[in-house]
Each structure stands twice: as structure tokens, then as C-alpha cells.
There are 2 protein chains.
Amino acid sequence: LDGGNLLLEKYFDTKRDLVNKALGEYLDPEDRYPETLHKAMRYVVLGGGKRLRPILMIATYEMLIGRKNSQRVQKILPAACSIEFLHAASLVHDDLPFIDNANERRGKPSCHKKFGNAIAILTGDALIVKSFETLMKLPNQKKALACMEVLVNSASTRGMIGGEVVDIISSPQRSKLHILRDVHIKKTGALLKAAEQFACILADADEQTTNSLTDFALNLGLAYQVIDDLLDEMGEEELLGKEIGEDRRNEKVTYPLLLGIEESKKQALKLINDSYNIIKHMSNNQVLVEFLESLRDRIP
Amino acid sequence: LDGGNLLLEKYFDTKRDLVNKALGEYLDPEDRYPETLHKAMRYVVLGGGKRLRPILMIATYEMLIGRKNSQRVQKILPAACSIEFLHAASLVHDDLPFIDNANERRGKPSCHKKFGNAIAILTGDALIVKSFETLMKLPNQKKALACMEVLVNSASTRGMIGGEVVDIISSPQRSKLHILRDVHIKKTGALLKAAEQFACILADADEQTTNSLTDFALNLGLAYQVIDDLLDEMGEEELLGKEIGEDRRNEKVTYPLLLGIEESKKQALKLINDSYNIIKHMSNNQVLVEFLESLRDRIP
């Protein structure tokens, strides 16, 4: 693994612009009735965000088809945006007073702070539906159905929503490493897994590649979360977009809390190396490799 | 229109059993991790309910295929249950303290009263996902995709969720009949429309029949709501399953409030007659006709 972040940043910026434009087009305009709901949806989705999941999906797709092809990427944007809508839905509901009670998101008032709790609940609901609606826009019906299976699994009680529930009901007193791992595999891992599996379906990847990239996604999701925990404990507020120590004040169980800081760093590095080992022999893997390098560089 | 409610009741009971059994099978067992979430989902869905939407879908399907065929009905149960899951999701979120603040549902503590607000929010989310998941179980992929389009439309900001938002933001001061009508068309009508359109897709109905039955659903949805409003104002608590006058205490705008009781009754009767006129020339329409009669008899 070796540096090269300038090119990676440019790649991410280009794809982010593409995704942001598509997200804006799939969402209803603000002046469409009922305006409050459409305003809230646009506020939540278009108010920033790294677009990690859609961009990783596009990068994996381009790796698999072996070249950059803007026309083909245009056709898979419904799948990329579908994941982002589902992600946005989970953030809106997670931020609610009964769950994480977060007043801010990406440096701005969270949805319920801006629009009230009732509208925030329905905005999250509408974004879940928007996620399915957008996926249906894939031009290939057979692939749309296969992606739908993936999306349902990723969102379900076996995936993202299950992870959120376990996160709520687990408390520091009774939490164990395997529970924390399970929460992260489901909450962060599920949608990264969906991103990789979408890419495989859309690029007609074989089963072995799909299985490998599913493992890649799960390792990556865990690595991401361990690093997030570490940054929250030690890192730069600006980088993380939330106040340092927030997890601790919320009495959230984190990797540093359970494993200590040094062991958590080792775990993060191991997970990134495991991810690297999965893709190192694949052709055209430059973007993903550089992404892993940039992630490794985030370990504080 | 003439009576015959005993046979209708038997028909509804039989189909309700069929739907309840399928709902129970599609839901995860209570002892599956995370147990709290699966318990809450089963509590909400299996704790009673008329199953109006799925049964109307099945009745319409049987009318269209021209005979009772239990094997074919078995195959369309995913579509019937999908609508019910979406309906259940909307009830859980509507009952939350910020929206309708309803402590009871079907004579038992509402989901958030029983499981807490956080779990209730995620239970509603999980039921939306379950609705899509279940629809994917339809054996015919082409029809599954066509139904998916219908479901997305019915749930979206143009349908059910849009109606809920308008319901929240409209208040007695500024409410007008066309707004109330719009709320009901979206909140109640959208899923009845989905039921009729599912039946049409699954029975290979032609476009004209589909359009007629869509109108039938919208008339029926409005009739149902006007009668519900009337019963709330004047009717029997037991029949309605909520305390009488609840709508008024919640300062909800209702038909009797805007039109007066007598005019509301006239409207309900007119809507039922309009529904009848749409289906009166269709073959094998007995169940639907009897259903309209039973609805007419509910007008207080």
C-alpha cells in the first residue's frame, strides 16, 4: 500500500458531483405539494455528505467492467442513489430525540430540529420509499429485481434496521465485543455490502468475485467504524463532523472503550489489510487500493 | 343494492384467516435476534385488524379471474400481505406522540406504549421494508415489478406518506374540503387503490378495467373515511375501536365538521352508489356488491 491521494480526491470529487446531481433529479422539487415534505427530503439528502457508498459502488463497477465508461456509469446511478437515500433515511430517524437525540448533522440542524419530529419521522419513511422507487429506474428489469433483493436484505431486520435496534438495546453494562461487531456489521456494513453487491450484479460479476467483494465490504465497514470510534476518542472534530467525545457522553459502546486505543488501532489496520488482500489480485483495482490507503492514513 | 351480509361475513372470515396465516409466516419468529424488533413487528401486525385491503384485493382478483381458485389465491398472498404490512407501518408511525399521540390501537397499548418510541420508529421502518420484501415473493417476476411500481406510488409523497404530511400540517383554521378530500384520497385511498391495481395486474386485467377499479378504490376510500368520521361523531365506540370524539379532541378536521352530519351522510351514500355504478356491470361481482351494501349499512 502506498500513497496517491490527490488522484483519489479528484476521482471522489468527480463521482460525488455526478451522484449529487442525480440525487437532486430523483427528489421532487421543493415547490411540489406537499412542499414541507419535499423541502425536508432535499434538506436531508442534499445538505452534504461524503457519498461514500455510491462512490464505492461506482468505483467497484468500473473496476469490474475494466474501464471508465461514463455512459454506462450514468445507467447505474439509480442503484447508487438508492443506497444513499436509504442511508439518509437511517440518519434522519437515528437523530430523533428518542434514538440518538442529535441536534446537528453535518454542521447544520438535524431534520427534526429544522422541521419538527412529525415531519422528520415521515421524511425518513418517504426516503425509504424513495430508495426503492429509485432502484426501479434501472433500465434492466432482471438486474433491478436482483438489486431489489439485495436492498431488502440490507435494510431489513437482518441488516441496517436490525443493527439500529441492537445498538439501542445494548448498553455499556452488558455490551460485549461480538455485539458491538454485530451492530457495526449491520449498521455500517449492510449498506457497504449492498454497494458492492449492486456493483457485482450490474457488472455481471461471477459468484466468487461477488463473495470476495462482499467480504471486502464487511471488513471495510468495520474498519471505517473502528476508525470513527478512534477519531471520536482522540481525533479532530472538524474531520469527523461531530463533537469529540460525543459517543462517550451518549454512553455508546465503542471499540476504544472495549479494546483500548492501541488494540483498536491494530484492529483497524488489520481490517484494512484484510480488505487489501481481497482485492490486491483484481485487475484495475487502483481506485479501491488508493481508497484503502487513504483510510489507513485516517487512523489517528 | 340488497342485503346478504351473512355470506359476506363468511367470505371475509375465510380470507382473513388465510391472510393472517400468511402474515404470520412472512414475519420473523419472535425468538429471532433482535428479538425485541421481531416481537414488536408481530405485536403490531398480528394483534387484530380487519384486513380490509388484502381481502378486497383477493375479492377483486377472484371477480376478475371469474372463479374461486384457492391455488391461485395462494400465489397472490405476497401482494395481499405487502399492502397490509405497509398499512401497519403507517399506523405505528401515526400513533407516535408527535403525530396522533394514540395510546391505544385495536383495544391494546399502541406499539410505542408497549415497546417505547425508539423501537416503534424502527418497527415502522422495518414494516415498510417488509412490505417490499414480501411483494418480491410473487412467483411471476414481471408482475412483481409492475406491483412494485404501484406500491412505490401508493406509499410515496404522492400517496400515503404525502397524505400523512398534509394531515399533520392542515389545521381546522385553514382546512378546506378539497384538502380534507386530498388527505383521505392519499391516506386511505392510496392503499385501496394499490389493492385494486394489484388485483388487476395479477389477473391480467385490461387497461379500462384497471382504470375503472382504480376509481372504485378512490370512491370506496373516501366513503370509508366519511363513514368513519360520522361514526366517530355519533357512533358506537365498540364498532370503531377508538374512543368516540377522539378526532374532535385531537382537533382533526372531519367531514361532519365541514359539511354537517346530514350532508356527510348524503356524501357517503353518493360515494357508495358511485362505487356500485362502476362495478355493477362486471361479471362475478357478488362479493364486492355485498361489501358495498354492508358499508352502506354502516352509515349511522
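## A pair within helix α1

A:Lys21 and A:Glu25 stand four residues apart in helix α1 of chain A, so about one helical turn separates them. Their side chains meet in a salt bridge, with 3.3 Å from N to O. A:Lys21 is exposed, and A:Glu25 is exposed as well. The model that holds this pair is a predicted one.

## Other salt bridges inside the chains

Over all chains, the structure holds 32 salt bridges. Helix α1 of chain A takes part in another of them through A:Lys15, which pairs with A:Glu62; the closest N and O atoms are 3.3 Å apart. A:Lys15 lies in helix α1 (residues 5–26) and A:Glu62 in helix α3 (residues 52–65) of chain A, so this pair ties together parts that are 47 residues apart in sequence. Both A:Lys15 and A:Glu62 are buried, whereas A:Lys21 and A:Glu25 are exposed.

In chain B, the side chains of B:Lys270 and B:Asp274 form a salt bridge with an N to O distance of 2.8 Å. These two residues are four apart in helix α14 (residues 261–279) of chain B, and therefore about one helical turn separates them. B:Lys270 has a relative accessibility of 47%, so it counts as partly exposed. B:Asp274, with a relative accessible area of 25%, is also partly exposed.

## The interface of chains A and B

How much area do chain A and chain B bury between them? The value is about 4000 Å², and 78% of it is on carbon and sulfur atoms. The contact takes 42 residues from chain A and 42 residues from chain B.

Between the two chains, eight residue pairs are in polar contact, counting pairs with both residues at pLDDT 80 or more. On the side of chain A that touches chain B, the elements giving two or more residues are α2 (35–46), α6 (117–135), α7 (141–155), α8 (160–169) and α9 (177–202) of chain A. Of these, α6(A) gives the most, with eleven residues. Sorted by class, this side of chain A has 26 nonpolar, eight polar and eight charged residues.

## Salt bridges across the interface

Two salt bridges are found across the interface of chain A and chain B. B:Glu133 forms a salt bridge with A:Arg158, where the closest N and O atoms are 3.4 Å apart.

A network of salt bridges links A:Asp28, A:Arg32, A:Lys130, A:Glu133 and B:Arg158. The network thus named has residues of chain A together with B:Arg158 of chain B.

## Symmetry of the two chains

What turn lays chain A on chain B? A turn of 180 degrees does so, with a shift of 0.0 Å along the axis and an RMSD of 0.0 Å. This is the relation of a two-fold axis. Within chain A, the C-alpha nearest the axis belongs to A:Asp125 and lies 3.4 Å from it.

Both copies use the same surface for the contact, as 100% of the contact residues of chain A recur in chain B.

Terms used:
Residues numbered from 1 in each chain as written. Chains lettered and ligands numbered in written order. Predicted model: local features only at pLDDT ≥ 70, side-chain atom pairs only at ≥ 80, totals over all residues. Heavy atoms only, no water. Contact = heavy atoms within 4.5 Å. Buried area = accessible area lost by both parts, 1.4 Å probe. Salt bridge = Lys/Arg side-chain N within 4 Å of Asp/Glu carboxyl O. Polar contact = N/O pair within 3.5 Å; in protein donor to acceptor, adjacent residues only side chain to side chain. Nonpolar A, V, L, I, M, F, W, Y, C, P; charged D, E, K, R; others polar. Least-squares fit on C-alpha atoms with pLDDT ≥ 70 in both. Buried < 20%, exposed > 50% of the residue type's maximum accessible area, 1.4 Å probe, protein only.
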